[in-house]
Amino acid sequence: MRITVLGKSPAWQDAGGACSGYVVEHGGTRLLLECGNGVFGRLREHCSYRRVDAVVISHLHADHCLDLMPYAYALTYGRAGPVAGGAAADRPALLLPEYDGLATIRRLAGLWGSETLIEEAFAPAFHTPGGTLEIGELRLRFVPVPHYVPTCAIDIAPAAGGPRFTFGADCGPNEAVVDLARGSELLFLEATLEQPEASGPRGHLTAAEAGELARRAAVRRLVLTHLSDELDQRATLEAASRGFGAPVEIARAGAEYVV
Ligand SMILES: [Zn+2]
Ligand SMILES: [Zn+2]
């Protein structure tokens with residue numbers, strides 16, 4: 001399995017950066033995991049936007065789904081051949097959180113035109129907390145994690161078995177992501193915060209917390225993501241490495257990981 005970082009910014013982009021977006025490829029299967037603002041252009045640098053089997057969205061915050069708009073325009077009007085409205089099998093699948101149905105993507109598209117733009121460009125389907133889905137040669141498991149809207153962390157493995165990649169999505173400290181990631185080859189965890197939220201429910205992690213969760217999950221490698229270039233990168237790495245008990249990395253656009 002090959003994982004390529006397209007964007008790793010939090011809700012506001014790094015200088016020259018993009019929000020959440022990762023390509024996961026194995027055999028003949030290609031997923032786009034998250035489609036935040038700035039991701040569609042990066043996807044085009046990586047591959048044809050027609051050659052994506054499924055777009056998987058962990059939760060419906062803008063920095064994880066906003067570029068579904070330009071992607072849908074491309075599938076509707078682009079030179080690579082319009083697929084919108086055609087047979088569902090010819091369109092990329094779009095896996096959305098089930099709780100909201102198509103309501104958010106209809107609101108999003110409807111702000112500027114047809115509210116069915118996105119659902120006609122993709123083949124929408126839903127993932128469920130605790131559920132498992134097979135997409136081509138990959139198997140995905142979804143578990144709910146604490147955030148400000150319903151959100152699933154996602155574990156991805158070859159359907160035939162093999163090393164796993166686990167994506168923590170956006171989350172506050174929790175046990176579910178530890179259980180999901182246990183023994184994974186590669187874990188991407190968010191490290192949005194310099195300090196824990198001062199009040200209210202937890203919805204994000206500090207680097208130290210990410211390191212600690214990864215250590216308890218006994219993963220082989222930890223990559224921090226969803227953190228701003230405005231944070232002190234060295235202090236972030238030191239805090240996470242202390243928690244993890246081994247060196248960690250910060251995701252970088254263009255970086256590739258093979259598991
Ligand atoms: Zn979020
Ligand atoms: Zn986010």
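The following conversation between a visitor and a guide concerns a predicted model of a protein.

Visitor: What am I looking at here, and how many helices and strands are there?

Guide: This is a predicted model. The protein has eight helices and 14 strands.

Visitor: What are its dimensions along the principal axes?

Guide: The C-alpha trace spans about 50 × 40 × 30 Å along those axes. The radius of gyration is 17 Å, which agrees with the value near 18 Å that a compact globule of 259 residues would have.

Visitor: How much of it is buried?

Guide: Of the 259 residues, 55% count as buried. The accessible surface comes to about 10,600 Å², and carbon and sulfur atoms account for 51% of that area.

Visitor: What share of the contacts comes from residues 24 or more positions apart?

Guide: Such residues account for 60% of the contacts with a separation of 6 or more.

Visitor: And the charges? How many positive and negative side chains are there?

Guide: There are 23 positive and 31 negative side chains. The centres of the two sets lie 5 Å apart.

Visitor: Let us turn to helix α1. Which residues are buried there?

Guide: Helix α1 covers residues 39–46, and Val39, Phe40 and Leu43 are buried in it. These residues cover an arc of only 95° around the axis, which puts them on the same side of α1.

Visitor: What does the face turned away from that buried side carry?

Guide: That face carries the exposed residues Arg44 and Glu45.

Visitor: What do the buried ones pack against?

Guide: The buried residues of α1 pack against three strands, β1 (2–7), β2 (21–26) and β3 (29–33), and against helix α3 (68–77).

Visitor: I also noticed Tyr49. Where is it, and is it buried or exposed?

Guide: Tyr49 sits in the loop between α1 and β4 (54–56). Tyr49 counts as buried because its relative accessible area is 6%, and the cut-off for buried is under 20%.

Visitor: Which residues does Tyr49 contact?

Guide: Beyond its sequence neighbours within four places, the contacts of Tyr49 include Phe40, Leu43 and Arg44, as well as Tyr71 and Ala74. The C-alpha atoms of Tyr49 and Tyr71 are separated by 7.8 Å, with the two positions 22 residues apart along the chain counted as their separation.

Visitor: What about the loop between β1 and β2? How far apart are Lys8 and Ser20?

Guide: Lys8 is in that loop, and Ser20 is there too. They are twelve residues apart in sequence and 5.1 Å apart in space, C-alpha to C-alpha.

Visitor: Are they buried or exposed?

Guide: Ser20 counts as buried at 1% relative accessibility. Lys8 counts as buried at 7%.

Visitor: And what do they touch?

Guide: Leaving aside neighbours within four places in sequence, Ser20 is in contact with residues including Gly7, Cys35, Val39, His64 and His226. On the same basis, the contacts of Lys8 include Asp14, Tyr22, His226, Asp229 and Arg252.

Visitor: New topic: where is Phe165, and what does it touch?

Guide: Phe165 is in strand β10 and is buried, with a relative accessible area of 0%. Among the residues it touches, not counting those up to four places away in sequence, are Met1, Ile3, Val24, Leu33 and Phe188.

Visitor: How far is Phe165 from Thr192?

Guide: Their C-alpha atoms are separated by 20 Å, and the two residues are 27 apart along the chain.

Visitor: What is the phi of Ala169, and what sign does phi usually have?

Guide: Most residues other than glycine have a negative phi. Ala169 has a positive phi of about 60° although it is not a glycine. Ala169 lies in the loop between β10 (165–167) and α6 (176–181), and is buried at 2% relative accessible area.

Visitor: What about Ala218?

Guide: Ala218 has a positive phi of about 55°, and it is not a glycine either. Ala218 comes just after α7, in the loop leading from α7 (207–217) to β12 (221–225). At 53% relative accessibility, Ala218 counts as exposed.

Visitor: Which residues of α7 itself are buried, and what covers them?

Guide: The buried residues in α7 are Ala207, Glu209, Ala210, Gly211, Leu213, Ala214 and Ala217. Their cover includes α6, β11 (186–190), β12 and α8 (233–244).

Conventions
Residues numbered from 1 in each chain as written. Chains lettered and ligands numbered in written order. Predicted model: local features only at pLDDT ≥ 70, side-chain atom pairs only at ≥ 80, totals over all residues. Heavy atoms only, no water. Helix = DSSP H or I, 4+ residues; strand = E, 2+ residues; numbered from the N terminus. Rg over C-alpha atoms; globule rule 2.2 N^0.38 Å. Buried < 20%, exposed > 50% of the residue type's maximum accessible area, 1.4 Å probe, protein only. Contact = heavy atoms within 4.5 Å. Areas by Shrake-Rupley, 256 points an atom, 1.4 Å probe, with all protein chains shown as cover. Lys, Arg positive; Asp, Glu negative; His and termini not counted. Charge placed at Lys NZ, Arg CZ, Asp CG, Glu CD. Arc of directions from axis to C-beta.
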